[in-house]
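Student: I have a structure open and I'd like to learn how to read it. Could you walk me through it feature by feature?

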Amino acid sequence: MNVSWNWLNEHVDLSGKSVQELDDLLTFAGIEIEGIHLKGVSSDRVVVAQIMEAVQHPNADRLKVTQVDAGEGFLRQIVCGAQNYQVGDKVPCALPGAALPNGFTIGETKMRGVESKGMLCSGSEIGLADATNGLLILSGDPAVGTPLKSLFSSDVLLEVEVTPNRPDLLSHRGLAFELAALLHQPWKPLAIRDVSTVTNSEWIENDAAEACPFYSLTKISGVKVQESPDWLKERLLSIGLRPINNVVDITNFVLHELGQPLHAFDADQVGVRMHLRNARAGECFAALNGSEYALREQDLVISDDRGEALALAGVMGGLESGVTEKTTTILLESAYFTPSCIRSTSRAHQLSSDSSYRFERGVDPSGVLPAAARAVDLILQIAGGQVEGQTACLGELPVLTGVVELQTARLDQLMGGSIELAEAEEILTRLGLTSVGENLWQVPSRRADLQRHIDLVEEIARVHGLAKIPSRTRAAFVPASDVDAAADLDMGLRRALAALGFYEAQTIKLIAEKQLIDALPLRALQSGDVVKVRLPLSEDHAVLRPSLVPGLISTAERNVRQGVKSLRFFEMGRVFRHSGGGKARDLESESLALLISGPLAPDTWLSKPPIATVHDVKAVLQQILPNCPIRFTPREREGFVLACDVQAGESNIGVVARLRLARERELDFTDPVWVVELDLGKVRKWLGRRKEIQELAQFPGSTRDAAMELPVTTTAAQLDRVIEKLAQPLLEHFECFDVFTDPTGVKLAADRKSMAYRFHYRASDRTLKTEEVEAAHQMVLQALIQELGVQFR
């Protein structure tokens with residue numbers, strides 16, 4: 001929310017307070033200031049100067065050398081590149097030492113060999129608006145040497161980040177209440193007359209009382225819609241709003257002053273009776289922003305007896321019923337709408353406004369009618385006219401606050417004895433609460449967030465100052481637990497992956513439905529297994545992730561579009577799903593996901609590095625799970641190619657796959673993208689096993705190579721299983737080092753392939769004889785022949 005310092009000063013005295021002091025005060029009270037922007041001229045060294053002479057620069061075609069009178073008793077030479085001035089004009093002059101809003105400090109310099117002792121300025125260079133390109137030509141004949149800050153008003157714009165539980169701060173008046181409490185001073189009174197109302201009016205009908213508990217209309221005739229006065233335009237411009245006309249500007253002014261959204265209808269464009277109802281399914285609504293929306297049945301609209309939707313309640317007015325220069329009679333709406341209703345409508349249509357932003361967080365019910373009265377007074381003052389009858393009201397204002405007990409013993413415990421009860425009570429009083437005796441406090445209607453004892457303690461703590469609460473330097477001993485062991489193992493995994501060149505990603509747990517095509521859960525998803533958000537904040541956050549892979553792919557996609565070639569990412573986190581088509585619900589588990597793509601090393605002028613393959617993926621897994629036999633077993637996965645189960649020993653611990661080529665092209669990947677998702681619980685079990693240390697071999701081993709021909713459909717995993725099942729005691733290890741196929745069938749039949757394996761034999765207690773090695777080797781070969789029918793070459 002944008003807040004104007006000058007506007008805020010009208011509600012609470014800020015004299016003697018610097019911007020930095022206010023920033024620190026609010027920040028330590030839990031109200032974050034995201035940005036501070038100075039508006040207007042702030043330096044005393046920017047003065048009015050008159051151009052007395054301008055001649056061509058001897059060394060530059062587009063520069064001129066001017067002599068200006070800045071009220072110093074002598075002429076000052078300044079080189080200038082602007083072309084929109086004449087000799088005799090009065091312009092802003094930044095003297096040496098002037099600090100400009102862009103952070104630049106003016107000094108004396110030489111421009112193309114000619115001395116320049118200052119700078120002639122445009123409006124934007126000194127914090128003002130530019131009316132034209134070039135210098136700001138001053139009107140009104142101000143005296144030379146006059147500081148410009150005395151001719152133009154200055155202001156400070158504060159960008160305040162308001163948390164959802166503090167909608168009372170979404171106005172200048174609301175923030176003034178907060179500052180008054182923090183500064184130990186009263187807020188300035190604001191005279192607002194009482195509203196004369198009539199209830200159950202015949203010209204308001206409400207068929208949606210749950211969505212709109214209270215609604216009011218005030219009819220004002222004889223208004224003249226025109227441009228707003230300067231003071232009103234200045235207030236709106238100070239917070240970044242564009243003035244429209246006096247009536248609309250007044251409703252915007254009151255919204256940002258008091259926090260209550262209002263809306264003005266052109267009475268001549270509506271029927272004789274206002275009707276609050278739910279929209280008809282598919283009903284078309286033309287909004288003030290020029291867009292049309294197809295409404296839902298749960299959307300609340302302001303209609304009339306003709307059935308037309310005049311406004312999308314609490315969100316935006318309609319195009320046809322808005323106030324224009326031809327309007328002479330208006331209907332001023334001020335209402336309380338149920339926050340959840342407005343939030344649902346705003347999210348569903350992706351339509352947000354200053355009004356919906358406040359309604360969906362909750363406005364102060366007691367401020368509905370005073371805001372209408374404030375707006376009516378300003379309309380009569382600025383636009384003229386007269387109020388016809390009384391303000392028509394329908395419904396009851398909800399009561400959102402009540403009496404809360406302050407538990408003194410608990411207060412003393414939580415505050416560490418740092419505050420006396422009398423001081424705590426004084427803080428609550430400054431915050432607008434009223435004591436009703438026996439430590440009971442009536443909460444003001446604007447503070448619906450104060451519902452429990454602990455809420456009062458939190459208010460006392462932040463106003464008193466968290467720094468004043470003594471810290472506890474001693475903690476109770478807690479024995480090691482499974483949670484500690486899991487955290488240690490996870491940190492070891494992170495370090496191992498970082499050492500292998502991986503970067504850790506942390507992605508949001510909510511993903512878009514369209515990202516489900518990238519999901520690689522440990523068990524394939526069935527219809528009904530996805531956990532969807534009932535009221536998502538946006539389409540990008542509509543589903544709880546069933547897999548970590550979609551987040552890693554999005555991360556890799558952003559990096560590729562920034563020119564990154566070698567991609568190495570991992571993430572640890574929770575995944576969510578139902579199971580069995582929704583029969584088992586709300587299941588959570590922890591996963592570890594990896595993404596590998598691109599070159600294995602940086603490019604060099606000598607050679608081009610190889611691109612990551614599935615073998616590199618397996619090598620990474622073998623590195624992070626040492627002494628754990630890793631095997632890939634093919635299993636088809638929808639949306640991926642070359643998918644495999646990852647087996648550690650005899651158990652499945654995850655899935656590895658490559659993205660489809662079409663998906664890789666769609667996401668601008670130029671190299672194969674390999675993704676892995678592992679069950680983090682099973683990985684921890686392997687890492688938590690006791691590590692056995694093997695002695696170095698005392699006797700030499702012997703190696704044998706074997707080339708075999710076999711069907712192209714036979715996998716290396718099948719050969720591995722046969723060899724491991726044999727459990728030949730002298731076979732220390734083996735690996736495949738060559739594969740050959742010929743799709744043409746010239747050198748080898750197209751349905752056959754040749755694989756070469758290397759077998760290493762060793763005994764721990766002796767040097768093997770040739771006969772022993774040959775016998776063991778023949779046992780291995782015979783097992784392969786019998787089980788798989790391979791032919792040795």
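Student: Where does Gly 127 lie?

Tutor: Helices (H or I, at least four residues) and strands (E, at least two) are DSSP runs, numbered from the N terminus. Here, Gly 127 sits in the loop between β9 (119-120) and β10 (155-161). Two ground rules: this is a predicted model, where local features need pLDDT of at least 70 and side-chain atom pairs count only at pLDDT 80 or more, while totals for chains, interfaces and linings use all residues. Residues are numbered from 1 along each chain as its sequence is written, and side-chain values use heavy atoms, with hydrogens and water left out.

Student: What does Gly 127 count as at 25% relative accessibility?

Tutor: Buried means under 20% relative accessible area, exposed over 50%, and partly exposed in between (1.4 Å probe, protein chains only). Gly 127 counts as partly exposed because its relative accessibility is 25%.

Student: Which residues does Gly 127 touch?

Tutor: Contact means heavy atoms within 4.5 Å. Setting aside residues up to four places away in sequence, Gly 127 touches Lys 39, Gly 40 and Pro 101. Ser 42 is 85 residues from Gly 127 in sequence, yet their C-alpha atoms are 8.1 Å apart in space.

Student: Let's try Lys 90. Is Lys 90 buried or exposed?

Tutor: Lys 90 has 12% relative accessibility, so it counts as buried. Its place is in strand β6 (residues 90-94).

Student: And what does the side chain of Lys 90 make a polar contact with?

Tutor: A polar contact is a pair of N or O atoms within 3.5 Å; within protein, one must be able to donate a hydrogen and the other to accept it, and residues adjacent in sequence count only if both atoms are side-chain atoms. For Lys 90, the partner is the side chain of Asp 141, at 2.6 Å. Beyond four places in sequence, the contacts of Lys 90 include Val 48, Gln 50, Leu 136 and Val 144.

Student: Now the empty space. How many cavities of 30 Å³ or more does a search of the whole structure find?

Tutor: Rolling a probe the size of a water molecule over the atoms shows where empty space is left. On a 1 Å grid over the protein atoms alone, a cavity is a set of points where a 1.4 Å probe fits but cannot get out, and a pocket is an open set with protein on both sides within 12 Å along at least five of seven lines; lining residues have an atom within 4 Å of a point. Grid points are joined across faces, edges and corners, and a volume is the space filled by probe spheres set on the points. The search finds 2 cavities of that size.

Student: What lines the second largest cavity?

Tutor: Its volume is about 40 Å³, and its lining includes Ser 42, Pro 101 and Ile 126. The largest cavity, about 60 Å³, has Arg 166, Asp 168 and Glu 178 among its lining residues.

Student: And which residues lie nearest the centre of the largest pocket?

Tutor: They are Lys 618, Gln 622, Ile 630, Arg 631 and Asp 720, out of 48 lining residues. About 2000 Å³ of space lies in this pocket. The largest share of its lining, 7 residues, comes from β37.

Student: What about the second largest pocket?

Tutor: The second largest pocket has a volume of about 790 Å³. Its lining has 30 residues, with Ile 244, Val 248, Asn 252, His 263 and Leu 288 closest to its centre. Here α5 gives the most, with 4 residues.
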